[in-house]
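Student: Hi! I'm new to this one. Could you walk me through it?

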Amino acid sequence: MGILGLSKLIADIAPHAVKEMEIKNYFGRKIAIDASMSLYQFLIAVRSEGAQLTSVDGETTSHLMGTFYRTIRLVENGIKPVYVFDGKPPELKSHQLNKRAERREEAEKELQKATEAGDQSQIEKFNRRLVKVTKQHSEEARQLLKLMGIPVVEAPCEAEAQCAALVKAGKVYGTATEDMDALTFGADVLLRHMTFSEARKMPVQEFHLSSVLKGLELEYKEFIDLCILLGCDYCGSIRGIGPKRAIELIRQHRSLDEVLRNIDTTKYPPPENWDYEEARKLFLEPEVRNPSEIEIKWTDPDEEGLVKFLCGDKQFNEERVRNGAKKLMKARTGTTQGRLDGFFKVLSTTPNPKRKAEEEKKSAANKKAKVGGRGRRPK
């Protein structure tokens, strides 16, 4: 879910915090990708165009197709992707997971009704709601990425939190996900639409946390409280308080604790046993692996391994798979131009005494020559 309404709130109040970029602008950048979100996008995108791609056993392969070809596209654009996979969900998220399970049960009932009525648009609508990234999807994607030579990071808990930790540590430039809570976890740079921008001809949306905080006129901890008030994965929100009212309250009172002391809780009742303090702690101190202990390394693709894994039962075209492996190798071994900012060095503003003396001597000589040449008319 991420943070409800945050992207629109930023667009309305702090539009300068969002840049629209082309994918080629990230040449030479290391980008941490939220793997589960990426897999979900691929499963949804393929289903919207018809039935899922499957193996001979009827197992879905859409997630593998998306991961293989989109990753190649990123690498061809000079991007160095790092896929980060979710670990166990935090205990506080269980209520949200239960709600999702209930919505899935409801969607299954509605799908059955739509199927009986032969309503194709409704069938498609509820089919999309039933799309879920399974453990098998994730495990197969890990295996594929390793064969492609793409680094994989296993998060102990939330992938967005681990991505944010990698960004803050300078291991990667930004985190690519659709969930806005990457900002709440403290990622300096959030990239939306990265994995499908070319396919859908959409620009990449680049959010800078520092610009977001400045535009919203909030400190980081106040921003976290705003996100909780808007609605996050870890606890409910106060009914009747929308995005604009939420930011007004946080700006006025500067914390959720003070908001609760000053609002009419009979008119705006908080959820029962509202554990916003624990949610705040999860954003401030998430369970992540120490970035300094994580080795991020890109390697040569295993062409034969890819053919063995993707072709045959999974029914991928061998020629296309081999071409894809060659594109990965070319991007890795070819002579690639470095980022433009890598060619420039920051020069000291303190003048070099020797160089300064030479420049003064040269300047004096030029002045003398000009004085000597005055009054002469050109021939």
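Tutor: Happy to! Helices (H or I, at least four residues) and strands (E, at least two) are DSSP runs, numbered from the N terminus. This is a predicted model: local features need pLDDT of at least 70, side-chain atom pairs count only at pLDDT 80 or more, and totals for chains, interfaces and linings use all residues. Residues are numbered from 1 along each chain as its sequence is written, and side-chain values use heavy atoms, with hydrogens and water left out.

Student: How many helices and strands are in the protein chain?

Tutor: The protein chain has 16 helices and 7 strands.

Student: Is helix H7 mostly covered or uncovered?

Tutor: Mostly covered: H7 spans residues 159-168, and 9 of its 10 residues are buried. Buried means under 20% relative accessible area, exposed over 50%, partly exposed in between (1.4 Å probe, protein chains only). Among the buried ones are Glu-160, Gln-162 and Cys-163.

Student: What do they pack against?

Tutor: Their partners include strand E2 (30-34), strand E3 (80-85) and helix H8 (181-184). Contact means heavy atoms within 4.5 Å.

Student: And what follows H7?

Tutor: Gly-170 follows H7, with a positive phi near 80°.

Student: Switching to helix H1: which residues are buried there?

Tutor: Leu-6, Leu-9 and Ile-10 are buried in H1, which covers residues 6-13. Down the helix axis they fall within an arc of 100°, so they line one face of H1. That arc is taken from the directions from the helix axis to the C-beta atoms.

Student: What does that face pack against?

Tutor: The buried residues of H1 pack against several elements, including strand E1 (18-21), H8 and helix H10 (220-230).
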